[in-house]
Structures are given as C-alpha cells and as structure tokens.
Amino acid sequence: MNHRGVKGTQDIFTPEVEVWRFIESTASRVFENFGFQEIRVPIIEHTDVFTRSIGETTDIVEKEMYTFQDKGGRSITLRPEGTAPVVRAFVQHSLYAKRPINKFYYTGPMFRYERPQAGRYRQFQQIGVEAFGSDDPRLDAEMLLMLKLLLEKLGLKDLDCQVNSIGCPECRPGYMDVVRAYFHDLYGELCSECQRRFEINPLRIMDCKAPKCRELRVGAPSVLDYLDNDCSRHFNALTGMLQALEVPYTVNPNLIRGLDYYTRTTFEVIASGLGAQNAVAAGGRYDGLVAEFGGPEKTPALGFAIGVERMVSLIKETYKHRRRPALFIAALSKEAEKMALILSGRLRGKGVWTEISYDSASLKSQMRRADKLNAEYVLIIGEEELKRGSAPLRNMNTKEQVDLWLDKVVEQFT
RNA sequence: GUGAGUGUAGUUCAGCGGUUAGAGCACUGGAUUGUGGUUCCAGGUGUCGGGGGUUCGAAUCCCCUCACUCACCCCA
C-alpha cells in the first residue's frame, strides 16, 4: 500500500529545517525586543470565530476552510489564519484588563483548502504578531520597523513595503458609494468577479488583477482622498514616522486586504523572485475586531503575518550554517565496536556530537562515512589500540594524526 | 473551481512506433595487509503513474483516470 502526504502539505528535511529554525528564533528575538510575548492558541476553533471576523463573503470563509463536525455535533474549523484565534483568546481571558497595551506573537500551521502552487500550500506556516490597546500611529510605525528589522536580520533584499489606509466604518461607506458611482456606467465591462464585488465590496475592484479592470479604474477616485479627518491624520502621521525611522515604503492606494476586519492601515511586503505568490508578509489595523468578539468597545489593534514557506524559499539558497559532528569513531573489531559505543555514549552525554557506524565495515568505508558526515575528527580503534590503550585521532581537515589515550578522549573533546 | 505542462531506477533526466529500456548523480564493494574527499574498476533495482484502445509490434500514438507542477482566482 502506497501512502502519500495530503495534497498541499509538505515534509521538511534537515538542511531546510535549519532555515526554519533560523527564521523562527530570529523572529522571536526581534519581537521580544519590541515587547511582544509569545502566545500559543489552538489549531482548531469554533467555526464562527472565523466566519464572523474574516467575513461571510470572503473567499477564505466561502470556500477555503477545513470545517468538520466533532463527535459532539459542534462545527469546528482548522484555523485559516492567526488573528481571529488570538483576538478570541484576548477577549476570553480579559487580557485587556491586565494592562493597557498587550503585544503577542505566535507561530504555527494554518490551513486553507486551495489549489497548491509555488509558495502556496494547504497547510502553511505563519509567524504573526498582534498588538492591542492603542490607535496611536506610533504602534503602526513601530510594527513596520520591527518587520523591517526582522527582514534585514534574515538577510532579505529586494523587498517592497507597500502601505495604504482603507479608512474606518465612518468614512469607508462614503468612499464605497463614490466607487460605485464611478463604476456604475462601466459595470458591464467589469469582469464577472468584479460585478459581484460591485454589490458586496466595491473596494475589491480596486485591486483586481484583470487587465480590463485595471484599465477601467485608471481614473477612479483614491481611498486616500476620501478618508475622514481622523483617518487622514492617522495615515499622514504614520508615513511621517516611517520616514523618521528610515523604513522604506511605497504608498499603494489599491492595496485592499481580503479580510473584512481591516480598518485604516494596511500593508504588504512584496518580494521579487517568488513567482506569483509574492507577498512574504502582510497585515494591518483591525480597530473594530475586539468589540466584534465582545471585548471593550474601544480596543484598537493591529497585526501582521509572515509566510514562513515563502521566506524559507527566499533564503535557503544563501543559508549556509551547518552543524557538523565533532568526532567519528571507527572500530575495527568486535571489542573495538563495544569501546566505540561506550565512548560515544560518554561524549554524547557531555554534549559532543559523536558518530559511530552500526555494521562491521572496512576502515576505508568507515572513513568514507566520516567524510560524508563531515566529521571534524576520526578516532580509529582496533585490536592494537585496545591493547596499548591509545588510538590515532585524525584531523579530517589537516590530515594530522596524533595518538590519544582512550581514557582521555572525553576530556579532549569537552 | 478554471487553464496549461509533466509523470521512465533512490534522484535528475535521455529514449518518443521496432530486438533483452539507458546515462549522470547517489549507494555498496574493490584498486597488495588498517586511513576519507580526486581518479579507475565492478555491482543492483524499474508493474516506463494506473486502466482501456489502435497496431504484427506501444515507454513511444489515442481515450479515460490519478498524481505532481505552474498559472488564474485568492492570499502568507
């Protein structure tokens, strides 16, 4: 019986897992310097955690969720993104009551039933951050700075950070009317998807990729011109701070997020060389979401998520750092094999990466294995060595060989 | 959900109507006794993705199916 992994999932092996660990450890270090604390939330949630927050009519909710009924008849969903669960936990545990500002980061798998392609999987890993409790643009600026610093530390180049503001529930309806008015006479020329968007969420027409729709919106009004005073001041303050912090950005008024909960600031980091799925990180404000979950009315918040697989594919070519075994013990007789096992046990106990072979192969082939494993040293033990209590230790780089007392091996390597 | 491309050894691929289907890499062993990377020699494996059809003859042509990949859509 032949088994394959589920479509859109992947198995990750050793040189690559090191890249994953590098990304994860770098991220947590950077985030903690900004006062973010790790939070771990479940992979499954009640389905309405997502339907209510992400939006009933979004693609994610309409056709991409892994939803099932558990044995108690509850509708359960594998999380398609991280923000909703974190907000749920934030409200459920009344974290807003413990301190005025709460900042969290998390990492873990997300699930979306989509057709896989380059940079897109059905199970994919996100590293995300969420900050609650202030609508001050300093928080927005700080978060973009944090993202920029992380991307720098990861050695990523040729990135474009696009920012936009999509207003708030006060001013957005007005803009939506303006957009509807603009496209009213062009309705017939819009793609079928955008004709639907015209009714549901005309903002999405602004970031449709269909060439015809792109053309049609050339003269369309920009969101940025229809922000109310508060939103406009907020956005201008943010861009001013980004300049002061030397965070490079480009304003893209067509950057509309696909999740309904976003307000005001939205942003996306685009990388070249990733294929069609080129966003490595994206996020924005969601000032109304906490209230939506039953938290305090005024609990502004924002966050972003990084696509780890995409990040890995950007840096795995250049990532070098590889651990190597300190010692390979080659054994040439039954007694020597026993000695090798004992010595390797002691060394490993002291934290020294030691390798031995598990069959009685020729010295030549054991040397070959040591070389394959990239061991720094090889200790060669045979009958003679056991008798005299010392064995040749070969430095695999310099080929220098010295005799080492067998009872001194452990201290030699620690 | 839509479209395109690709499925041949562990892997990367060649073969594209005609005997027993090949190569590189990888793996294992050897090149005067117990010393790696280079070189040389030797060794094995394939339901040619699966099913059906055309043909004297199919890995090769046709149909169906499955899988993978890329793109659309959408997004991290």
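# A helix, some strands and RNA strand B in a predicted model

Me: How far apart are the end C-alpha atoms of helix α12 (residues 334-349), and why does that agree with its length?
Reply: Happy to start there, keeping in mind that this is a predicted model. Helix α12 has 16 residues, and at 1.5 Å a residue these should span 22 Å. The expected span takes one less than the number of residues. The model agrees with this, because the end C-alpha atoms of α12 are apart by 23 Å.

Me: Within what arc do the buried residues of α12 fall, seen down its axis?
Reply: The buried residues in α12 are Ala336, Ala340, Leu343, Ser344 and Leu347. Seen down the helix axis, they line one face of α12, because they fall within an arc of 100°.

Me: Which exposed residues sit on the face of α12 turned away from its buried side, and what covers the buried residues?
Reply: Let's take the cover first: β12 (327-331), β13 (354-356), β14 (377-381), α14 (383-388) and α15 (409-413) are among what covers the buried residues of α12. The face turned away from the buried side carries exposed residues, and these are Lys334, Lys338, Leu341 and Gly349.

Me: Which residue just after α12 takes a positive phi?
Reply: Look just past the end of α12 for a backbone phi of about 90°. The residue with that positive phi is Gly351.

Me: How many of the 10 residues of strand β6 (residues 123-132) are buried?
Reply: Good strand to pick, as it has partners to look at. Strand β5 (residues 102-111) is joined to β6 by 10 bridges and runs antiparallel to it, while 7 antiparallel bridges join β6 to strand β11 (residues 301-307). Strand β6 is largely enclosed by the rest of the structure, because the number of its residues that are buried is 9.

Me: Which residues are the bridge partners of Tyr105 in β6 and of Glu130 in β11?
Reply: Tyr105 has its bridge partner in β6, and that residue is Val129. For Glu130, the partner lies in β11 and is Gly303.

Me: Is Asn102 buried or exposed?
Reply: Asn102 is found in strand β5. Leaving aside neighbours within four places in sequence, Asn102 is in contact with Phe90, Leu95, Tyr96, Glu130, Ala131 and Phe132. A polar atom of the Asn102 side chain also lies 3.3 Å from the backbone oxygen of Leu95. With a relative accessibility of 1%, Asn102 counts as buried.

Me: Which side chains make polar contacts with the side chain of Ser390?
Reply: Ser390 is found in strand β15 (residues 390-395) and is buried, with a relative accessible area of 5%. Not counting residues up to four places away in sequence, Ser390 touches Glu385, Asp403, Leu404, Trp405 and Leu406. One polar contact, of 2.9 Å, is with Arg388. Another, at 2.8 Å, is with Asp403.

Me: How many bridges join β15 to strand β16 (residues 401-405)?
Reply: Strand β15 is mostly covered, with 5 of its 6 residues buried. It pairs with β14 in the antiparallel sense over 3 bridges, and there Val378 has Arg394 as its bridge partner. With β16, where Leu393 has Val402 as its partner, the strands run antiparallel and the number of bridges is 5.

Me: Which residue in the hairpin of β15 and β16 takes a positive phi?
Reply: This hairpin has 5 residues between the strands. The residue with a positive phi near 65° is Lys399.

Me: Which of the 46 residues around RNA strand B come nearest, and what percentage of the strand's atoms within 4 Å of the protein are sugar and phosphate?
Reply: Arg120, Arg197, Gly258, Met396 and Lys399 come nearest to RNA strand B. Of the atoms of RNA strand B within 4 Å of the protein, the share from sugar and phosphate is 52%.

Me: Which element gives the largest share of the surface near RNA strand B?
Reply: Some polar pairs set the scene: a polar side-chain atom of Lys7 lies 3.0 Å from a phosphate oxygen of RNA strand B, and one of Arg120 lies 2.5 Å from a base nitrogen. The Gln401 side chain has an N or O atom 3.0 Å from a base nitrogen of RNA strand B. The elements that give two or more residues to this surface are α3 (59-64), β6, β10 (279-285), β11, α13 (363-372) and α14. The largest share, 7 residues, comes from α13.

How values were computed
Residues numbered from 1 in each chain as written. Chains lettered and ligands numbered in written order. Predicted model: local features only at pLDDT ≥ 70, side-chain atom pairs only at ≥ 80, totals over all residues. Heavy atoms only, no water. Helix = DSSP H or I, 4+ residues; strand = E, 2+ residues; numbered from the N terminus. Buried < 20%, exposed > 50% of the residue type's maximum accessible area, 1.4 Å probe, protein only. Arc of directions from axis to C-beta. Contact = heavy atoms within 4.5 Å. Pairing = 2+ DSSP bridges. Near = heavy atom within 4 Å. Polar contact = N/O pair within 3.5 Å; in protein donor to acceptor, adjacent residues only side chain to side chain.
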